[in-house]
Amino acid sequence: MCLIKPPVKKNTIPIDLKLHNDIRAMERARFAHQVAEKRRLIKQYKMERERQQKLEEQEEIKRLRKELIPKAQLMPMPYFDRPFVPRRSKKQPTVPREPKFCIPRHKTIRCCRMSCNDMSGPSQLQHLPSSVEKTEALYKNRGLQ
């Protein structure tokens, strides 16, 4: 007895699988390429705009330098038709006052409550003439009063 061979089946051909990950990766790569292209265009546009602005500023500076050359300005001279003649003042001269050496009580330091009046009594200042007396003596000597 001879064994009969079973019929030979054809080899199965595998079906090409399309995974969602592969499709998504291709779409994402396409999107990334579009974004990169858009960024490149924006950057190029920005650089062009900056270059144009720089050129405009340089032209403006050149134009302003030509226009704004400093020129001599005419000054008004209203007082040359009548010369200045100095005149003697009609006011009375200022009478000097003697300074106040006394410090007010609210401005003194608490630890040093001695005022200037306590330190320089009347016996020390009597022999010194005041500035008012000196001024009056000068006016009398010159014959101004």
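## Salt bridges along helix H1

Glu67 and Arg63 lie four residues apart in helix H1, so about one helical turn separates them. The exercises below concern a predicted model.

**Exercise 1.** Determine which residue forms a salt bridge with Glu67, and place this pair in its wider network.

*Solution.* Start with the distance: the closest N and O atoms of Glu67 and Arg63 are 2.9 Å apart, and because a salt bridge requires such atoms to be within 4 Å, the pair qualifies as a salt bridge. Next, consider exposure, where Glu67 is partly exposed at 48% relative accessibility and Arg63 is likewise partly exposed, with a relative accessible area of 36%. Finally, extend the view to Glu60, which is linked with Arg63 and Glu67 in a network of salt bridges.

**Exercise 2.** For the salt bridge between Arg40 and Glu37, work out how the two residues are placed in the helix, and decide whether each is buried, partly exposed or exposed.

*Solution.* Both residues belong to helix H1, which spans residues 20-67, and their spacing of three residues corresponds to about one turn of the helix. Their closest N and O atoms are 2.4 Å apart. For the exposure, the class of partly exposed lies between the limits of 20% and 50% relative accessible area; Arg40, with 44%, is therefore partly exposed, and Glu37, with 30%, is therefore partly exposed as well.

**Exercise 3.** Carry out the same analysis for Arg51 and Glu48, and then state how many salt bridges the model contains.

*Solution.* The closest N and O atoms of Arg51 and Glu48 are 2.6 Å apart, and the two residues form a salt bridge. They are three residues apart in helix H1, so the separation amounts to about one helical turn. Arg51 counts as partly exposed at 42% relative accessibility, while Glu48, with a relative accessible area of 36%, is also partly exposed. The count of salt bridges for the model comes to four.

**Exercise 4.** Assess what confidence the predictor assigns to the chain, and identify which elements have the lowest and the highest mean pLDDT.

*Solution.* Taken over the chain, the mean pLDDT is 80, and 79% of the residues reach 70 or more. Among the elements of the chain, H1 has the highest mean pLDDT, at 95, whereas helix H3 (residues 122-125) has the lowest, at 46. Over residues 120-125 the pLDDT is below 50, and this stretch has two contacts in the model beyond near neighbours in sequence. Where pLDDT is low, the predicted coordinates should not be read in detail.

Technical notes
Residues are numbered from 1 along each chain as its sequence is written. This is a predicted model: local features need pLDDT of at least 70, side-chain atom pairs count only at pLDDT 80 or more; totals for chains, interfaces and linings use all residues. Side-chain values use heavy atoms; hydrogens and water are left out. A salt bridge is a side-chain nitrogen of Lys or Arg within 4 Å of a carboxyl oxygen of Asp or Glu. Buried means under 20% relative accessible area, exposed over 50%, partly exposed in between (1.4 Å probe, protein chains only). pLDDT is the predictor's confidence in each residue, from 0 to 100. Contact means heavy atoms within 4.5 Å.
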